[in-house]
Amino acid sequence: DSSCSELEMGLEGLMMAPIVVNKDEDINGGKADVEKESSTWRVVVRPELSGGLEAKARFLRGAIKERESKVMGFDTAGVTVLCVQIRFENKRTDSSVLRRIRLIQRSSGGSGTFSPRR
């Protein structure tokens with residue numbers, strides 16, 4: 001077909017082969033990228049409803065999740081580990097300080113949670 005060859009004419013050198021990347025390594029010299037291996041930040045506590053406190057959370061995946069699990073001392077062999085990163089920020093308009101942030105663990109009692117090694 002002549003119309004197809006006319007479209008392809010002049011584009012010969014523009015196509016590149018895809019870059020082959022090892023699954024365990026990143027293009028950045030083997031360092032995993034937190035932004036690539038995590039979900040987007042989601043607001044879980046809105047500052048207008050909580051006296052200026054904003055909390056955002058995201059899920060960690062891949063090599064970052066494995067690294068953070070090891071830092072916390074979780075044994076990930078044979079179990080499913082879910083890593084959530086939470087960021088707290090003072091969004092008060094009067095520039096006053098938030099004195100305390102209390103985190104309360106609530107579970108259904110029968111959950112399969114385990115504590116980190118010490």
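Let's start with the charged side chains: this structure contains 6 salt bridges. Keep in mind as you look around that the model is predicted.

A good place to begin is Lys-91. Its side chain forms a salt bridge with the side chain of Glu-54, at 3.9 Å from N to O. This pair connects distant parts of the chain, with their positions 37 residues apart: Glu-54 belongs to strand 2 (residues 53–60), while Lys-91 sits in the segment after strand 3 (83–90). The two ends of this bridge can also be described by their accessibility. Glu-54 has a relative accessibility of 10% and counts as buried, because buried means under 20%. Lys-91, on the other hand, has a relative accessible area of 38%, so Lys-91 is partly exposed.

Now stay with Lys-91 and look for another partner. The side chain of Lys-91 also meets the side chain of Glu-89 in a salt bridge, at 3.6 Å from N to O. Glu-89 is partly exposed, with a relative accessible area of 34%. Put these contacts together and you have a network of salt bridges that links Glu-54, Glu-89 and Lys-91.

Next, move along to Arg-92 and Asp-94. Their side chains come together in a salt bridge as well, with a distance of 3.3 Å from N to O. Arg-92 has a relative accessibility of 34% and counts as partly exposed, because that class lies between the buried limit of 20% and the exposed limit of 50%.

To retrace the tour in the model, find Lys-91, follow its side chain to Glu-54 and to Glu-89, and then turn to the pair of Arg-92 and Asp-94.

Note on methods: Residues numbered from 1 in each chain as written. Predicted model: local features only at pLDDT ≥ 70, side-chain atom pairs only at ≥ 80, totals over all residues. Heavy atoms only, no water. Salt bridge = Lys/Arg side-chain N within 4 Å of Asp/Glu carboxyl O. Helix = DSSP H or I, 4+ residues; strand = E, 2+ residues; numbered from the N terminus. Buried < 20%, exposed > 50% of the residue type's maximum accessible area, 1.4 Å probe, protein only.
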